[in-house]
Structures are given as C-alpha cells and as structure tokens.
Amino acid sequence: MIKKYYKEIYIYIKKSVFDRDLAEDITQEAFARVIKKADSKNIENERALLYRIAKNIMVDLYREKNRIDKIAFNEEEFFQEENTIENQIIEAEQRSQLMEEIDKLPKKRRQAFTLHMIDGYSRQEVAEIMNISFNAVEQHIARASNQLKENLSKNEEESFE
C-alpha cells in the first residue's frame with residue numbers, strides 16, 4: 001500500500017501546502033493513521049481513505065494555524081490600546097479633512113458620493129433619488145473618489161513639508 005500510493009498522496013498534499021517538509025510529514029501521518037485503522041478494520045478503498053485522512057490532517061493544521069494567528073492578533077490589539085487616545089485624535093482629524101474635501105466637490109458629484117458612501121444607498125437608489133441615469137451615478141462616484149484621493153494626498157504631502 002505504501003509503495004503504491006505514497007507518491008500520489010505526497011503530490012496531492014504538496015500542491016495544497018506548498019512546503020516539501022510539511023507535505024512529507026502529513027503524508028507520513030496519513031499513512032500511519034491508515035495502517036492503524038487497517039489493524040482494527042477491513043478497509044475497502046485504501047486510496048480514498050488516504051485522501052480523506054490527508055485532507056483532514058491539512059484542515060486540522062490550517063485550523064490550528066488560524067487559531068494561533070487569531071490569538072497573536074488579539075495580543076497585538078491589546079498592546080495597541082495604549083495609543084487609543086492618539087488614534088482617536090488622528091481619526092477625528094482625518095474625518096474632518098475628508099468632510100472638508102467632500103464639501104469642496106461639485107454639487108451633483110458630492111450628492112451622489114454622499115448618498116452612496118455615507119448614507120448607504122445603492123447606486124440604483126441614488127440614480128432614482130437624483131433623477132439621473134445609473135451610469136451618471138457611477139461616473140459621479142468614481143470622479144468624486146478620484147478627486148478626494150488626489151486632494152487628500154496633496155494635503156498629506158503639504159503637511160509633511
């Protein structure tokens with residue numbers, strides 16, 4: 001059984017994990033589990049069982065890694081709380097700058113952008129509210145976004161000079 005399926009299972013695993021050493025470890029673990037099961041039960045389809053066990057091992061490893069990443073992320077979040085007042089001040093300043101730039105937009109562009117991005121209306125609803133075509137709404141929003149990005153970038157560059 002090992003000689004018959006080892007290479008096939010290894011290639012299957014390696015395509016999923018992209019790490020030769022890890023693929024070898026998972027392959028060996030899959031075969032060990034199948035051999036352990038074979039001692040206690042009659043296995044009808046060894047190949048299918050190998051694929052299933054290999055997949056389960058990869059899923060388990062992914063879940064474990066994902067859980068560890070979440071724990072690490074939460075720890076970083078905890079340590080970043082020290083700067084919350086500073087972050088709140090910075091965010092408030094950024095919001096203020098954004099609102100100033102939105103106020104500078106041409107009327108229809110500002111209205112389409114505000115209805116969609118701030119008030120949460122769909123683009124179709126904005127078209128109906130403003131009594132203009134859907135394509136016109138798309139253009140107003142795109143142009144507003146580009147203009148805001150450009151103006152905010154200029155403001156940021158000027159503040160560093």
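Helices are DSSP runs of H or I with at least four residues, numbered from the N terminus. By that assignment, Asn131 follows just after H6 and takes a positive phi of about 60°. The model is predicted.

The protein's secondary structure amounts to seven helices and zero strands. From the N terminus on, the order of elements is α-α-α-α-α-α-α. Of the 161 residues in the protein, 22% are buried. Among contacts with a separation of 6 or more, 51% join residues 24 or more positions apart. The accessible surface is about 12500 Å². Carbon and sulfur atoms account for 49% of that surface.

In soluble globular proteins, nonpolar side chains tend to be buried together. In this model, the largest nonpolar core has 15 residues. Ile9, Ile13, Ala30, Leu50 and Ile53 touch the most other members. Three helices each supply at least two residues of this core: H1 (2-17), H2 (20-40) and H3 (46-80). The most come from H3, which gives six residues. Leu50 was examined further, leaving aside its neighbours within four places in sequence. Its contacts are then Tyr5, Ile9, Ala30, Phe31 and Val34. Two of these names, Ile9 and Ala30, also appear with Leu50 in the group that touches the most other core members.

Another core lies apart from the largest one. This second core has nine residues. Among them are Ala112, Leu115, Val137 and Ile141.

Helix H6 spans residues 123-130. Its buried residues are Val126, Ala127 and Met130. They lie on the same side of H6, because the arc they cover around the axis is only 100°. An α-helix has 3.6 residues a turn, so residues three or four places apart point the same way. Beyond the end of H6 comes Asn131, with the positive phi already noted.

The surface also carries a nonpolar patch. Met99, Met117 and Ile118 make this patch, which covers about 280 Å². Met117 is found in helix H5, which runs over residues 107-118. The relative accessibility of Met117 is 47%. Met117 therefore counts as partly exposed, since that class lies between the buried limit of under 20% and the exposed limit of over 50%.

Key. Residues are numbered from 1 along each chain as its sequence is written. This is a predicted model: local features need pLDDT of at least 70, side-chain atom pairs count only at pLDDT 80 or more; totals for chains, interfaces and linings use all residues. Side-chain values use heavy atoms; hydrogens and water are left out. Patches are made of residues with over 30% relative accessible area and no salt bridge: like charges are joined within 9 Å, nonpolar side chains (Val, Leu, Ile, Met, Phe, Trp, Tyr) within 5 Å. Accessible areas come from the Shrake-Rupley method with a 1.4 Å probe; for residues, only the protein chains shown count as cover. A salt bridge is a side-chain nitrogen of Lys or Arg within 4 Å of a carboxyl oxygen of Asp or Glu. Buried means under 20% relative accessible area, exposed over 50%, partly exposed in between (1.4 Å probe, protein chains only). The arc is that of the directions from the helix axis to the C-beta atoms. A nonpolar core is a set of buried Ala, Val, Leu, Ile, Met, Phe, Trp, Tyr and Cys residues joined through side-chain atoms within 4.5 Å. Contact means heavy atoms within 4.5 Å.
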